[in-house]
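Visitor: I would like a close look at one part of this protein, taken slowly. Please start from a single residue on a surface patch and work outwards to its surroundings, then to other parts for contrast.

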Amino acid sequence: MPTAKCLKDCKRGAVFCMLFASICRAVSRQIHYSIPEETEKGSLVGNVAKDLGLDAKDLSDRGIHLVSQTGSEYFALNYKNGHLYTMQRIDREEICGWREKCILNAEVIVGDSMKVYGVEVEILDINDHAPTFQSETLMVNISEHTAPGSRFPLYEAQDPDLGNNSVQGYKLSNGSHFSLVLETSVKGKQHAKLVLERPLDREELASHNLVLTAYDGGHPAKTGTTQVHVVVLDANDNAPIFSQHIYEVSCREDIPIGTTVIRLKATDLDEGINKQIKFSFHKIAAETSQLFHLDSNSGEITLVGNMDFEESPFHEMEVQVQDGGGLLDRATLMVFITDVNDNAPELAITSVINSVPEDSPAGTSVALLKVQDKDSAENAEVTCSVPDNFPFLLTRSYDKYYSLVTSRTLDREQVAVYNITVTAMDHGTPPLSASITIPLRILDTNDNPPLFLETVYTSYIMENNARGASIFSLKADDPDWGENSRITYSIVEEGIKVSPLSSCVSVNSESGVIYALRSFDYEEFQLISFLVKAQDGGSPPRSSNISVTLFILDQNDNTPEILYPSGPTDGSTGVELAPRLSEADYLVTKVVAVDADSGQNGWLSYQLIKATEPGLFTIGLHTGEIRTARFFLDKDALKQSLVVLVKDNGQPPLSASVTVTVVLANSIPESLSDLSSISVPADPQPDLTFYLVVAVAFVSCLFFTFLLVLLAIRVYRWRNSQLCDSGSVTFTGVPVSQFVGIDGVQAFLHSYCHDFSLTTDSRKSNFGFPKGISSNTLPSQQPCEVKDPFLMAEDIAGSNSDFVTMQVSYPCQS
């Protein structure tokens with residue numbers, strides 16, 4: 001039990017300490033100073049920095065400033081030392097009027113923390129005003145039949161000072177018939193009344209002149225005087241009497257001008273002129289006299305000005321009624337003003353931040369506002385609000401101050417600028433409101449990476465493209481702003497087997513356009529895969545990658561390649577045998593070709609564009625098979641030359657041709673014997689042509705030389721024959737036929753043996769010229785055995801290759 005009781009006492013002590021600390025913090029935010037009125041401009045009020053516990057050196061850096069609640073600036077804060085000074089001479093009566101306490105409020109706002117501290121300066125009254133009367137002369141009419149002891153009210157002196165500095169009493173100059181008596185009202189005010197001490201006799205003295213003096217309690221005391229002129233009247237037995245000594249009436253402050261406030265009532269029991277009464281204001285403030293009008297005959301008081309509860313909640317005045325005989329009565333009229341909700345709340349921004357980063361935490365202060373309503377009671381109660389869909393809320397900071405803070409983290413990409421409307425609404429009927437808009441710009445932070453518009457990019461480019469050609473462009477967006485949204489593009493090498501990626505494609509770092517750095521070859525590689533990185537300019541930067549696949553499209557840039565018959569290396573070509581007894585559609589051979597291109601560019605077709613015997617052979621359009629179209633006839637040539645065109649399906653199409661030699665024979669020996677009479681082809685290989693030209697030139701020269709020698713011999717012999725005929729000279733032993741020109745030339749040519757061969761083993765031909773048999777006589781012509789088996793391929797215009805294998809032999813006998 002003792003332990004439990006001890007714990008309970010400790011808990012109570014802790015709660016009390018926390019409560020006491022909270023009260024201390026609340027009190028510490030209010031500073032109270034007091035200065036006397038009429039203080040000179042620049043007078044020190046207090047050290048605000050010291051009293052608030054702030055370092056005076058940091059005041060300017062922390063953005064401290066003073067805000068006054070009144071329309072005029074009476075005080076100024078020195079930001080260097082933290083002292084509070086007066087800005088002008090302060091008159092308490094001008095500011096606060098009849099209020100007992102005159103307090104001026106201001107707030108010290110620390111900008112960096114948006115804290116508010118209240119400053120309360122009380123203006124102390126000094127005796128700077130003397131009592132004054134409403135008029136310098138007061139007329140008092142008293143009947144000569146008035147009984148001694150009667151009392152007559154006098155003017156009340158006014159002193160705007162308070163307390164002892166206000167009116168403390170009255171004095172009356174010496175008079176044998178009158179004395180002065182002071183009466184204290186319910187509110188504690190003293191009213192002076194003139195007391196008749198002895199009966200008056202008009203015939204003895206018709207008037208009496210007195211001096212009424214009012215004095216205050218200041219040091220030194222100040223006084224004010226008025227002349228009291230007492231006129232002795234003939235007898236008037238009854239004075240008029242008000243129906244009430246104090247009139248109280250309540251009026252709404254918004255009643256229209258011309259409205260009757262009250263009707264005063266008074267009675268007089270006299271007759272005749274002594275019964276006629278007149279109403280008038282006896283004592284009324286200057287401001288009040290501008291609001292009300294009293295009809296002297298009817299006693300009706302009407303409103304002639306606009307009442308304002310906020311300026312004065314009530315008006316007090318003294319009215320009097322006087323009959324024709326000079327007797328009078330006075331009463332007090334109090335008009336209470338009822339407040340109506342005629343003032344909308346007032347919003348003022350005392351501190352504001354124009355921009356905040358989007359990553360600011362919840363609770364970040366944006367603005368400090370002051371809200372006030374000049375009305376009273378419920379009409380002055382104000383509720384402040386911001387739109388519900390905005391990430392902001394209002395918290396009460398101090399008294400009439402509200403802090404606008406963020407309720408959650410912000411996102412600039414969703415909303416870049418907020419126009420925050422703060423609405424203040426009072427609780428009156430009907431409620432009045434006021435609003436103010438605070439623009440707030442959200443500063444960007446790099447919280448978003450660049451994002452590509454597509455999840456993957458695929459593009460196509462035709463091979464054999466120009467270097468530096470633009471392929472396509474890719475685009476990434478970054479919702480951030482400024483440098484955080486500036487995107488640069490780069491290629492991340494994923495690597496390809498053919499060549500380094502950096503030598504194939506590049507990307508423009510600013511626009512994202514992909515360029516080809518080389519001419520692509522579909523036959524080399526068909527696609528390129530790589531990554532493109534988009535990186536923003538934030539700090540730290542953010543990036544994202546996208547996969548890009550570039551397909552190389554085939555172009556018809558390769559001619560068909562004929563694999564069979566194979567291309568020769570020595571100028572020869574293959575020979576295909578076709579039996580003479582072959583039937584129609586007999587497969588002779590097949591042309592085999594390939595194309596490095598793909599798709600339609602690689603689809604091949606075969607055509608027979610030239611043949612020795614048209615219609616004898618056909619070729620398959622897509623197979624390349626050469627078949628017989630009919631039976632062979634005896635008239636058909638033994639050697640058939642077929643030119644086959646191989647064409648692809650590209651645009652434009654490319655083609656290649658080959659010459660196929662078909663020999664109509666049952667066997668190779670037979671084909672050789674059948675072809676022994678076929679002449680040598682006219683277009684040998686380039687090297688062979690050169691040697692043939694040389695040989696022909698040599699033989700031609702030798703022939704012309706022989707002709708010249710032969711002609712010379714014949715001319716010589718002809719002359720000899722002429723000489724013999726004339727001189728009977730004869731030649732014996734020489735056959736005449738040996739000198740026949742043509743026969744002799746033929747014999748001479750056949751006396752030589754020409755041997756040359758063109759083989760598949762050498763690109764050069766061998767020529768042999770054996771020495772001819774010479775004698776002084778020409779032998780008779782001998783028959784020559786000619787054996788010239790050979791294979792010939794005819795020249796076809798437009799063909800790609802002609803392959804010839806020839807062997808020619810001339811064994812000659814002389």
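Guide: Start with Val594, which counts as partly exposed because its relative accessibility is 37%, and partly exposed is the class between 20% and 50%. This is a predicted model, and the values that follow are computed from it.

Val594 sits in strand β44. Together with Leu563, Tyr564 and Val592, Val594 makes a nonpolar surface patch of about 300 Å². Two elements give two or more residues to this patch: β41, which covers 561-564, and β44, which covers 592-594.

For contrast, take a residue with a charged side chain elsewhere in the chain. Asp51 lies in helix α2, residues 48-52. Asp51 also counts as partly exposed, because its relative accessibility is 43%. If neighbours within four places in sequence are left aside, Asp51 is in contact with Ile31 and Tyr33. With Tyr33 there is also a polar contact: the two side chains are joined at 2.4 Å. A further distance places Asp51 relative to Gly82: the two residues are 31 apart along the chain, and their C-alpha atoms are separated by 9.5 Å.

Now turn to the aromatic rings. The structure holds 13 aromatic pairs. One of them is formed by Phe452 and Tyr457, with 6.2 Å from centre to centre and 75 degrees between the planes, an edge-to-face arrangement. Phe452 and Tyr457 are both buried. Another pair is that of Phe520 and Phe525: the ring centres are 6.0 Å apart and the planes meet at 70 degrees, so this pair is edge-to-face. The reasoning rests on a cut-off, since planes over 60 degrees apart count as edge-to-face.

The members of this second pair can be checked for exposure as well. Phe520 has a relative accessible area of 0%, so Phe520 is buried. Phe525 has a relative accessibility of 6% and therefore counts as buried. The cut-off needed here is that buried means under 20%.

Finally, return to Phe452 and Tyr457. Ring pairs link these two residues with Phe472 and Tyr489 into a cluster.

To put the parts side by side: Val594 is partly exposed and belongs to a nonpolar surface patch. Asp51 is partly exposed and has a polar contact with Tyr33. Phe520 is buried, and its ring pairs edge-to-face with that of Phe525.

Note on methods: Residues are numbered from 1 along each chain as its sequence is written. This is a predicted model: local features need pLDDT of at least 70, side-chain atom pairs count only at pLDDT 80 or more; totals for chains, interfaces and linings use all residues. Side-chain values use heavy atoms; hydrogens and water are left out. Rings of Phe, Tyr and Trp (its six-membered ring) pair if their centres lie within 6.5 Å; planes under 30 degrees apart count as stacked, over 60 as edge-to-face and the rest as tilted. Buried means under 20% relative accessible area, exposed over 50%, partly exposed in between (1.4 Å probe, protein chains only). Patches are made of residues with over 30% relative accessible area and no salt bridge: like charges are joined within 9 Å, nonpolar side chains (Val, Leu, Ile, Met, Phe, Trp, Tyr) within 5 Å. Accessible areas come from the Shrake-Rupley method with a 1.4 Å probe; for residues, only the protein chains shown count as cover. A salt bridge is a side-chain nitrogen of Lys or Arg within 4 Å of a carboxyl oxygen of Asp or Glu. Helices (H or I, at least four residues) and strands (E, at least two) are DSSP runs, numbered from the N terminus. Contact means heavy atoms within 4.5 Å. A polar contact is a pair of N or O atoms within 3.5 Å; within protein, one must be able to donate a hydrogen and the other to accept it, and residues adjacent in sequence count only if both atoms are side-chain atoms.
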